[in-house]
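Student: Please take one part of this model and go through it closely with me. I would like to follow how its strands are joined and what lies around them.

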Amino acid sequence: MTSRQGDHRGLGRRRFLTTAALSGATIVGATALGGIDADAAFAAEPSLDPAIAKSSFVEGRITGITGSILEVAGSYGDHARVQMTNATSVWKVRAVTAAAIEIGDGLYARGVPMPDGTVAADAVWVNIVNLDTQIRGIAKNRLHLAHGRHEVVGNVLADTTNASYAGRALTSDLSRLRIGQSAQVLGAWRPSDNSVDVVRVSVGH
């Protein structure tokens, strides 16, 4: 492939993403900016498709939803607008649709900056948290956790919560969790009561 051909293909990809963002067109497999699973939100550097010149990241609380636009107040006083498309991947405990996003939710989004200042999102992680904790109590449907000086209730979800012991494969068996263990908890914060829906708890890592 010549340099000119590469440039043309890159422009075509960016034009396609722009068109999708503006029209809501469906794109199959639009993950050129990196992974879309929960762990991808915490990747130090996403693996960018060479055809994409620049990616943008938005974080903060959702203050308004107008059609397919999310208004986001950032943690440092900034403001951003996130454009959702039919191709946007949405994570909120599990893969969901944009209909699950609510005003007041926290957001971390990755996408392509548009000329009008919006960010056309390829992936949005809603209320995602990744916490260093210590297990203080274990109940049937809850883990009582300490995160620094804060007490956190971890909601155990029968169809979602898994554990990893010493880096081994995920299992739904939580019986080996022990009070006093240090645990890395990946999950989704519930704004209504400040608890966390636990997706994965890793111990002995």
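Tutor: Two strands are said to pair if DSSP finds at least two bridges between them. With that in mind, and remembering that this is a predicted model, we can begin with strand β9, residues 142-147, and strand β10, residues 150-156, which run antiparallel and are joined by 6 bridges. To see one place where they face each other, find Ala146, which stands opposite Glu151 in β10. The hairpin formed by β9 and β10 has 2 residues between the strands, and within this hairpin Gly148 takes a positive phi near 65 degrees.

Glu151 deserves a second look, since its side chain forms a salt bridge with Arg136, in which the closest N and O atoms are 3.5 Å apart. Because Glu151 lies in strand β10 and Arg136 in strand β8, this pair ties together parts that are 15 residues apart in sequence. A residue is called exposed when its relative accessible area is over 50%, and because Glu151 has a value of 56%, it is exposed. Arg136, with a relative accessible area of 45%, is partly exposed.

Strand β10 also has a parallel partner, namely strand β13, residues 196-203, to which it is linked over 3 bridges. On this side, Val156 has Val198 in β13 as its bridge partner.

Now look within β13 at Asp197, which is found in that strand. Is this charged-looking position buried or exposed? Since buried means under 20% relative accessible area, and since Asp197 has a relative accessibility of 10%, Asp197 counts as buried. Its side chain is joined to that of Arg190 by a polar contact of 2.7 Å. Setting aside residues up to four places away in sequence, Asp197 touches a number of others, including Val93, Asn155, Leu157, Leu186 and Arg190.

The same strands bring us to the nonpolar interior. In soluble globular proteins, nonpolar side chains tend to be buried together. Here the largest nonpolar core has 17 residues, and those with the most contacts inside it are Ile135, Leu145, Leu177, Val201 and Val203. The elements that give two or more residues to this core include β9, β10 and β13, together with β8, β11 and β12. Of these, β13 gives the most, with 4 residues. You can follow one member outward: Ile135, leaving aside its neighbours within four places in sequence, is in contact with residues including Leu145, Leu177, Ile179 and Val203. There is also a second, separate core of 15 residues, among them Ala80, Val119, Val124 and Val126.

That second core leads us to strand β7, residues 119-126, which is mostly covered, with 8 of its 8 residues buried. Which strands pair with β7, and in which sense? Strand β3, residues 79-83, runs parallel to β7 and is joined to it by 2 bridges, with Val82 standing opposite Val119. Strand β4, residues 89-92, is likewise parallel to β7, with 3 bridges, and there Val90 stands opposite Val124. Strand β6, residues 106-113, runs antiparallel to β7 and is joined to it by 7 bridges, one pair of partners being Arg110 and Ala123. In the hairpin of β6 and β7, which has 5 residues between the strands, Gly117 takes a positive phi near 95 degrees.

A positive phi also appears at Asn127, about 60 degrees, although Asn127 is not a glycine. Asn127 has its place in the loop between β7 and β8, and because its relative accessibility is 4%, Asn127 counts as buried. Compare Ala166, again not a glycine, which has a positive phi of about 55 degrees and lies in the loop between β11 and β12. Ala166, at 45% relative accessibility, counts as partly exposed.

To close, return to strand β4, where the side chain of Lys92 meets that of Glu102 in a salt bridge of 3.6 Å, N to O. This pair links distant parts of the chain, with Glu102 in the loop between β5 and β6, Lys92 in strand β4, and their positions 10 residues apart in the numbering. Lys92, at 17% relative accessibility, counts as buried, whereas Glu102, at 48%, counts as partly exposed. Lys92 and Glu102 also belong with Asp105 to a network of salt bridges.

Key. Residues numbered from 1 in each chain as written. Predicted model: local features only at pLDDT ≥ 70, side-chain atom pairs only at ≥ 80, totals over all residues. Heavy atoms only, no water. Buried < 20%, exposed > 50% of the residue type's maximum accessible area, 1.4 Å probe, protein only. Polar contact = N/O pair within 3.5 Å; in protein donor to acceptor, adjacent residues only side chain to side chain. Contact = heavy atoms within 4.5 Å. Core = buried A, V, L, I, M, F, W, Y, C linked by side-chain atoms within 4.5 Å. Salt bridge = Lys/Arg side-chain N within 4 Å of Asp/Glu carboxyl O.
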